[in-house]
Amino acid sequence: MRYAILLLDAPYTSQAAHSALRFTRALLAKGHAVDGVFFYHDGVHNAARLAAPPQDEPHLVDAWAELGREHAVPLQVCIAAALRRGLLDEQEAARHGKQGASVEPPFELTGLGQLVDLGLRCDRLITFGP
Amino acid sequence: MLLHTLNRSPLSAVLDQALAGMGPDDRLLLIEDGVIGALPAQQARFESVAGRLYALHEDLESRGLLSLCAPAVRVVDIEGFVALTEECERAVSWY
């Protein structure tokens with residue numbers, strides 16, 4: 001089956017990011033296709049390139065990036081939710097005159113239309129809320 | 001048949017909303033703090049979903065509640081969560 005994941009809360013704020021990551025890994029282990037993980041609302045903080053949690057704690061940002069790279073899962077970040085929270089890729093940082101980018105590949109800033117597309121295209125859309 | 005997930009304890013008004021939003025064949029999976037609803041003392045709240053109530057093994061275990069779970073609650077692990085989403089045509093998240 002084709003799945004999409006919607007994550008709505010920041011890492012280390014609630015359990016949502018842990019739950020979504022564990023569920024997505026289980027999907028992939030079972031052979032399902034994951035067409036995308038969409039980060040929306042405070043969920044966009046999962047794409048924070050500069051996150052530096054203590055070394056004895058799970059690094060959720062790196063974990064998403066690793067999952068995205070290893071399994072070719074698109075990591076789509078709502079651009080409107082991201083910009084207002086200071087999460088900018090190189091292109092947006094340049095556009096807004098900011099020094100340094102806080103989002104890097106495999107995360108990609110994208111529009112809300114991508115979430116609609118995932119919902120239409122996939123057999124299942126599973127939401128992890130705060 | 002829909003799968004509903006709930007991540008709030010039974011103290012939350014979200015439980016009432018979830019129960020009110022469930023169809024007669026729908027299933028309810030308790031995750032995160034929602035697994036507190038799997039305790040025997042909470043079962044009266046879930047009478048309307050008897051036989052259709054599930055709780056996530058990993059979240060019960062991480063809270064030390066696994067051995068305290070009510071017998072009527074079906075405990076599923078993360079693979080069981082995936083299986084429930086396969087069996088149900090859509091998933092609704094309550095939070």
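Two strands count as paired if DSSP finds at least two bridges between them. Keep that in mind for the sheet stops on this tour of a predicted model.

**Stop 1: a pair of strands in chain A**

Select A:Cys78 and A:Thr110: A:Cys78 stands opposite A:Thr110, which belongs to strand 4 of chain A. Now widen the selection to residues 75–78, which make up strand 3 of chain A, and add strand 4 of chain A; the two run parallel and are joined by four bridges.

Stay on strand 4, residues 107–110 of chain A, and switch on the side chains. Which of them are buried? A:Phe107 and A:Leu109 are, and they point to one face. A:Glu108 and A:Thr110 point to the other face and are not buried. That fits a general pattern: in a regular strand, side chains alternate between the two faces of the sheet.

**Stop 2: all of chain A**

Zoom out and color chain A by secondary structure. You should find five helices and five strands. Starting from the N terminus, the order is β-α-β-α-β-α-α-β-α-β. The radius of gyration of chain A is 14 Å, close to the 14 Å that the globule rule gives for 130 residues, so chain A is as compact as a globular protein of that length. Along the principal axes, its C-alpha atoms fill a box of roughly 45 × 35 × 25 Å.

How much of chain A is buried? Of its 130 residues, 39% count as buried. And if you look at contacts in chain A with a separation of 6 or more, 75% of them come from residues 24 or more positions apart.

**Stop 3: A:Leu6**

Pick A:Leu6, which is found in strand 1 of chain A. Buried or exposed? A:Leu6 has 22 other C-beta atoms within 10 Å, and 20 or more are needed to count as buried, so A:Leu6 is buried. Setting aside neighbors within four places in sequence, show what A:Leu6 is in contact with: A:Phe38, A:Tyr40, A:Leu115, A:Leu125 and A:Thr127. For a longer reach, draw a distance from the C-alpha atom of A:Leu6 to that of A:Arg49; they are 43 residues apart along the chain and separated by 20 Å.

**Stop 4: helix 1 of chain A**

Next, select residues 16–29 of chain A, which form helix 1. At 1.5 Å a residue, its 14 residues should span 20 Å, and the end C-alpha atoms are 20 Å apart, which agrees. Several of its residues are buried, including A:Ala16, A:Ala20, A:Phe23 and A:Leu27. The buried residues of this helix pack against strand 1, strand 2, helix 2 and strand 5 of chain A, together with helix 3 (78–87) of chain B. After the helix comes A:Gly31, whose phi is positive, near 90°.

**Stop 5: where the chains meet**

Bring in chain B. The contact takes 14 residues from chain A and twelve residues from chain B. On the chain A side, helix 1 and strand 5 are the elements that give two or more residues, and helix 1 has the largest share, with five residues. By class, that side has seven nonpolar, four polar and three charged residues.

**Stop 6: the sheet of chain B**

Finish with the strands of chain B. Five of them form an open sheet in the order 4-3-2-1-5, with parallel pairing. Strand 4 (74–76) and strand 5 (90–94) of chain B stand at the edges with a single partner strand each, so one side of each has no neighbor in the sheet. Neighboring strands here are turned by 25° against each other on average, direction ignored.

For a last close-up, select residues 2–6 and 27–30 of chain B: these are strands 1 and 2, paired in the parallel sense over four bridges. There, B:Leu3 stands opposite B:Arg27 in strand 2 of chain B.

Key:
Residues are numbered from 1 along each chain as its sequence is written. Chains are lettered from A and ligands numbered from 1 in the order in which they are written. This is a predicted model: local features need pLDDT of at least 70, side-chain atom pairs count only at pLDDT 80 or more; totals for chains, interfaces and linings use all residues. Axes are lines fitted to C-alpha atoms, for helices over the stretch in contact, and angles run from 0 to 180 degrees between N-to-C directions. The expected span of a helix is 1.5 Å times one less than its number of residues. A residue is buried if 20 or more other C-beta atoms lie within 10 Å of its own, exposed if 12 or fewer, and partly exposed in between; C-beta atoms are placed from the backbone. Two residues are in contact if their C-beta atoms, placed from the backbone, lie within 7 Å. The radius of gyration is taken over C-alpha atoms; the globule rule is 2.2 Å times the number of residues to the power 0.38. Ala, Val, Leu, Ile, Met, Phe, Trp, Tyr, Cys and Pro count as nonpolar, Asp, Glu, Lys and Arg as charged, and the others, Gly among them, as polar.
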